[in-house]
Every structure is written in C-alpha cells, then in structure tokens.
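Q: Please take a close look at one part of this model, the interface of chain A and chain B. What does each side bring to the contact, and which charged and polar pairs cross the interface?

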Amino acid sequence: MDDKTNALREHVKGIFSNLELVLGWEPGYDPLHTRPFYVRTESDIDRLTANCLSFQNLTRYLAKSMNAVDPAADGRKIGVCVKGCDSRSLVALIQEKFVSRDRVYVIGLPCRGTLDARRIRALVPDPARIRSVNAEGDELVVETDRGISRFALDRAIARKCLQCRYPNPVIHDVLIGDPVTPRLKIDAENPSVAAVEALSLEDRLLFWENQLDRCIRCFACRNACPLCVCQNHCIMETRMPKWITQYRNMNEKFMFHMIHALHLAGRCTECGECERVCPVGIPVALIKEKINAIIYEMLDYESGIDPEAVPPLLTFSPKETGI
Amino acid sequence: MSSKSDAKQEREIKIVGFLCNWCSYGGADTAGVCRFRQPTDLRIIRIPCTGRIDPLMIVKSLIQGADGVLVSGCHPNDCHYAVGNFYARRRMEVLKRFLPYMGFQSDRFRYTWVSASEGQIWQQVVTDFSETIHRLGPNPGLHQTVDSAPAVSWF
C-alpha cells in the first residue's frame, strides 16, 4: 500500500459523514488497470486506490450520470478525486453550469503521469501474464511470469502526460500529496502537434487518413469525454439532422472526428480520455490539441483554468479586428 | 502538370456559397441587377445570418467534394441581428487555421463581408475566389484507401 492511497483513505474517512458519495478508483480486473468506483458506505473506503494507474477522468460521471447542480436536501456534497487534467475538466463543467462548485468536494491529487497499458504491454516480454506493476522512483517495475522487467517510467506513461503542463489540480478543496513540477511550461509549444505540422500538406492528409481509417465508430471517445455532454442529442446518431450516414467509408470516419473535434473547440481540456479509450489506437486528442493551440495563439485563452471565464467560441469581442 | 490540367477539364468547378440574407445575398442581387459579369461556378445557399454557419457545414462541403466554400455576411458592426457575425468571425478563423493541419488546402475556404449595396465589391470577391479555385483545380477529396502513410513519432 503506497502513501498516496493511505493518505487518501485517511482523509476520506475523516470527512465521509459530510459526503453523499465519493468518486474514486479501485483495483481493476488485472494489475494494469484500475476502475472507477463510487464510495457509498464507510466500508467501501478501504477499496479506494490512487496511484499511477488511476487514469480515468471521473468528472464525466458528474455531468453524465448524476445531478451535480442542485444541492442535496441534507446539504451533503459529492466528493470527487481529480488529477491535474481532471480538475481542468471540472472547471470547464463548472463554467458551462453542468456542475455547481458548491455541490462538489474536490479532492486534488498531484500527478506525475498515468501509465499507458498499451505501451507497457509493448515493453514487457510476456504481456499476457502481468502479475504486478509498481512505480519505484523514476523506474517502473513490471513482474510477469517470465521474471521482472525494469524500465524508465517515461517510456510507459501516456502521451498526454509526457507533455503535461498542469500536473497539479487547478481547483481543489484539499490536496493529497506534494505539488509536482510541470514537464512543460504553460506557453510551451505542443511537441506532438509540432511533429504533425512538420509534414507537408499532402502527407498530413495521408497521415490522418491512415489513422482515421482504423476508426470503427464505436463512440468510445465520445462517451469517455467529460465535455461531450449532448448525450441523446448527439448529432452523430440523430437522423434529423443527418450529419453522418452508416456507410463505412473515409468520408464518414473523417466527418465523425471533425464533429467531435469542432464541438470541443475552445472547451477541450486535453485530459486525453478519448485517446486512452480508443480500441484501435487513434491519437484522437491530437486533433483537439491543435485547435487548443490555435485558440491560445489567437485569443490567449486556455480552457479549464478560470471557472468564471466564458469559452471563447461562445462569446465575442466587437473590438477584435484582423480576424 | 499535364495530368493536373487534364483534371481541370474533367468537370466543372463547383463552389458552395453561404450568403447571409440581409447583406451578401442582397449584394449578389445588386451585382446581378447592375449586370456585372460574374463567374458561374458559385452555387448560393441563402442563410439567415453568418451566425447560423456551423463550421461543420464547411468541413462537410469540402469532404463531400465541393471545390471551394465561400461564406459572406454583413460587415462586422452591421449585422442584422447585431452580433451574429461576431460569433461567426471567431469560429471561421479557428476553422481556417485548423484545416491545413488535417491536410485540407485552406485556400479552398474563404470568408468575407459584403453589404447589400456593394454589388461591385461582390463581383470582385466572387471573381477573385473563383480564379483561386480554378488555379487549385478540382478538389480531389479524401483517399478512400491508404496504402502507405508517413510515420510520425512524438515520443
């Protein structure tokens, strides 16, 4: 049992009488995964875990699975565990009034990066039989049936974490653990976006077509996204208006991802959930990261930082010229 | 080069024009009433206001093979609904900068402001845009299958 998990359990035990439930993580079906967990009773608290496998962004349950706007009759709050990136999604949900700040008790967990199960499986000799995964300092120790492998943590953590600019929660009621130094400066160029932009225009089209050709339109990216809040009204599935047909061709696949990206323009907080859940490994978040870079350059705005701010494409300024 | 010019003659160029009812549609009408010579590539769709423009309409047009997309509305500060084009301006500028990242030629999309009295300016806009699209040639659209693609490594 690591210190972070212990500190989290101790803290939740202390305040649980004031909370309706706590959104957290528990160990999953194998050592490579945790799963989202609703702590509803005192005895559930000992199942909570918080480590480098706590990759799910729990704020999506606030917007999609429960009412986090109206106060409870008994005044109790909903506790939610957030990493740095998750806290930005929470701020964006507060901005758009899907969550009310008074309704949630935010447990902040500074994060050094979450592991990418796909990358770990590629690194170890016997990926089907992983017995345990532990981070020891800057090393990751993976035990399989064929012995123990050790490698640098940076080789196993998710792409979004390697370019993380907000490892510490931007809003929180309590912080569990010490703040972490960000890997990139706030105004730093996004290295993955730069890698795509280094290609010629024709190559970029081929690159995206090659990536998006794998898309099976399972909608996992949409469902995992905390800010894809249209649910039954999502235009991917409505027949009226009919934006997407059921034909299986490049036009439809491309259009699907353009809809997802453009509906998140100025809202996406780069939590990387869309990319993590993609069953065919499309770098879905990479599309949105470019739009964020454009908006940062054009309007000097970053989503999910200031709960009072209005997302830039939902407002305007008559003064701006030249655009 | 020769294949490109052959392709140019294969089919006529089609440009989709989204024109705001109150200014640019009137401007195009003025140009017609004044009998200004205009290219015939433009297919006009009348919209209530450029604020009605969803950037996805532009993307969908380009994906489905439109050779160019022109959006035109009232000048900023002159919107019939006061603020519609202020919203549109931000959205369309984001889209314009985003298109090349996905591999689209951003020159195939243009947005501009033309008022109902500016028939002459409308003639210039549409002639100039049509020339640009003719220079680019027909929109090849997306490849339906990809045999080899460039690799990108980020980390």
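A: The answer below goes through the interface and then turns to the enclosed spaces. This is a predicted model, in which local features need pLDDT of at least 70 and side-chain atom pairs count only at pLDDT 80 or more, while totals for chains, interfaces and linings use all residues. Residues are numbered from 1 along each chain as its sequence is written, chains are lettered from A and ligands numbered from 1 in the order in which they are written, and side-chain values use heavy atoms, with hydrogens and water left out.

Chain A puts 51 residues into the contact and chain B puts in 38 residues, contact meaning heavy atoms within 4.5 Å. Between the two chains an area of about 4,500 Å² is buried, with carbon and sulfur atoms giving 71% of this area; buried area is the accessible area (1.4 Å probe) that two parts lose on being put together, summed over both.

There are 2 salt bridges between chain A and chain B, a salt bridge being a side-chain nitrogen of Lys or Arg within 4 Å of a carboxyl oxygen of Asp or Glu. One of them joins Glu297(A) to Arg97(B), with 3.1 Å between the closest N and O atoms. Across the interface, 14 residue pairs are in polar contact, both residues being at pLDDT 80 or more; a polar contact is a pair of N or O atoms within 3.5 Å, where within protein one must be able to donate a hydrogen and the other to accept it, and residues adjacent in sequence count only if both atoms are side-chain atoms.

On the side of chain A that touches chain B, the elements giving two or more residues are α5 (159–162), α6 (191–197), α7 (201–212), α9 (250–263) and α11 (284–299) of chain A, helices being DSSP runs (H or I, at least four residues) numbered from the N terminus. The largest share of this side, 10 residues, belongs to α7(A). By class, this side of chain A has 34 nonpolar, 8 polar and 9 charged residues, where Ala, Val, Leu, Ile, Met, Phe, Trp, Tyr, Cys and Pro count as nonpolar, Asp, Glu, Lys and Arg as charged, and the others, Gly among them, as polar.

Two of these helices also take part in lining cavities, that is, sets of points on a 1 Å grid over the protein atoms alone where a 1.4 Å probe fits but cannot get out, lining residues having an atom within 4 Å of a point. Helix α11(A) gives two or more residues to the lining of the largest cavity, and α9(A) supplies at least two to that of the second largest cavity.
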